[in-house]
Amino acid sequence: MDKKFYITTAIAYTSAKPHIGNTYEAILADSIARFKKKQGFDVFLQTGTDEHGQKIEEKAKAAGKTPTEFVDSVSAEIKRLWDLVGVSYDKFIRTTDLDHEKQVQKIFRKLYEQGDIYKGSYEGWYCTPCESFWTESQLVDGKCPDCGRPVKKAQEEAYFFKMAKYADRLLKYYEEHPEFILPVSRKNEMVNNFLKPGLQDLCVSRSSFKWGIPVDFDDKHVVYVWLDALTNYITGIGYDADGNSSDKFNKLWPADLHVIGKDIIRFHTIYWPIFLMALGVPLPKRVYGHGWLLQDGGKMSKSKGNVIYADDLVEFFGRDAVRYYVLTAMPQGADGLISWESVIEKVNADLANVLGNLVNRTVAMSNKYFGGKVEDKGVAEDVDNDLKAVAVSACAKCCKEMEDYCVSDALEEIFNLFRRANKYIDETAPWVLAKDESKADRLATVLYNLTESIIIGLSLLYPFMPETAEKGAANFGLSLRDFDSLDKFGVFSETKVKETPEILFQRLDQKAVMDKVNAMQAARAPKETSAEKKTEKKDKPMIDIEDFEKVQLKVAKVLACEKVEKSNKLLKLTLKLGDETRTVVSGIAKHYSPEDLIGKKLVIVANLKPARLCGIESQGMIVCAENTEGKIAFLSPEKDIEDGSEIF
Ligand code: MSP
């Protein structure tokens, strides 16, 4: 059996610090790599950064840096993030590495000399002030998408790759290798939308910008980005276009798996195999196009300061909680959502309640009843059978899910085992057994069964949450086990648990965490945005006193207040205005909890037409002040005055 496993991620653009969506891919590939290692494969994981192109050249200029300074800093930041989330890469390639650049030049020359690349001209829409070419579809209202000025049709000399020449061979490869594209649904899309209608030749050089690998026989041109980027998968492990590839290359290639996002499946399943065919290099075995992790509750945007980054998440929740969240957020190939609130909920529901609690309770009971010693006293009962069956079958189930990289389903199997073990505690009620001395051996067996089940679960959890798995096992004084011993129950003979176990996960207080998150985001929103917002508010036109008199403001007392279910922004307030009682729904839940408001007097707009919010009729609006950082304060009368009083 071929025991090597070469796995890669896409290489990330060094145009900006990657958000949690890009980081997800590195975590996913790392989990697969660690899982394969546990299955006995000799794994090599390559990741890295894609550093050339016009966009990066422009970003560097805007930052007042040279392109090299700019990509050096962003690439280092990406590496730091990958390290922070525990990506165990064997190689971190940069497309500015000299050996990569040299090979790309050789590859370009070879393809040119054998007639696959030819010189032609690239036609597009040109923006003179920006010195940029745009395709028809990139234009916004027929104008330059960057500066909004008119563009004109123009031609640029460029090299092209003859894609169509290889289309039939590629179709045949698809047919002979039905597992090549994952999820399989993507294969039909490639065939019907791109291969069947006929492939266009691909532009592989540009002369309108400089930040790229020069074509060595025509230095007006730089290699255009996909030929430079895709070849990282072979140059990173020692491919040589002159036929002197390294032993490492000969051992590792063809890649077993390229892990990439759904937006770049076409480049990896059409252009990449065709480049390889032209080079006479075997094709990769599988390309997995995962879905996208999207931000819940609105688009991530730098100007709102709400982009979710992996390092912030790690700071708030720890590395493994972040890994767990993103890995379970998206079933194979599908998109998933992330928000700060949903991470808190998942940490509480799965990590604290299910796993943390199970480990804690089990260790605590062993300490309490047996001074920390765990051993099987052989007093089995029928109720043990189901737990044992779930435990010894978990590994096979996980491996099955991982054949097609259904990572979230594999994790579900592991957590099913932890849930089953929690249920076993309820079924066996150790605290009841502990009251009867004659049941001491049965109690010991129960705790042994729990410990053994947990160790099996943690051993399987290792690839996904390595630190947690190791910390958890250490709490029991045990080591994680190899996968080939996980189908047996009763492997360890005895152990001593830690007197004070490390808490794996604690329940989080949603409001306390969100207060900190909001403060962090408010501080990050660029100052200009706040200033703009302020000007916007100031610029309201002058009004007459009659206009102001149309607004009826009244003092109201908060009788009751609660959160609106299914919303993290809204509070429902019951207000007293003299003899009248009203319901008002207000979007201040992120700033006040119900207890902060009950009993307080505040000001409302009393003659606003009612509106329905989350199905509740709101009969007025609470008057608040907001500062430039988005901090909110409701207005209150300066001294006590009856509710219902009018404000003029
Ligand atoms: N540089 C190219 C890839 C070249 S590979 C030879 C690129 N870079 S990227 O930085 O834009 O994206 C890196 C990876 O992150 C891609 O696989 C992309 O699909 C993926 N993702 C980008 N946004 C993402 C999410 N929101 N969620 C999940 N994956 C995301 O494309």
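The legends below describe close-up views of strand β12 and of the ligand site in a predicted model.

In this predicted model, local features need pLDDT of at least 70 and side-chain atom pairs count only at pLDDT 80 or more, whereas totals for chains, interfaces and linings use all residues. Residues are numbered from 1 along each chain as its sequence is written, and side-chain values use heavy atoms, with hydrogens and water left out.

**View 1. Strand β12 (residues 257-261) is covered on both faces.** Leu257, Val259 and Gly261 on one side, and His258 and Ile260 on the other, are all buried (under 20% relative accessible area, 1.4 Å probe, protein chains only). Strands are DSSP runs of E with at least two residues, and helices are runs of H or I with at least four, numbered from the N terminus.

**View 2. Strand β12 pairs in the parallel sense with β1 (residues 4-9) and with β13 (residues 287-290).** Pairing requires at least two DSSP bridges; β1 and β12 share 3 bridges, with Thr8 opposite His258, while β12 and β13 share 4 bridges, with Ile260 opposite Gly289.

**View 3. The ligand makes polar contacts with Tyr13, Glu25 and Leu293.** For these contacts, pairs of N or O atoms within 3.5 Å are counted. An oxygen atom of the ligand lies 3.0 Å from a polar backbone atom of Tyr13, and an oxygen atom of the ligand lies 2.5 Å from an N or O atom in the side chain of Glu25, while a nitrogen atom of the ligand is 2.8 Å from a backbone N or O atom of Leu293.

Technical notes
Buried < 20%, exposed > 50% of the residue type's maximum accessible area, 1.4 Å probe, protein only. Polar contact = N/O pair within 3.5 Å; in protein donor to acceptor, adjacent residues only side chain to side chain.
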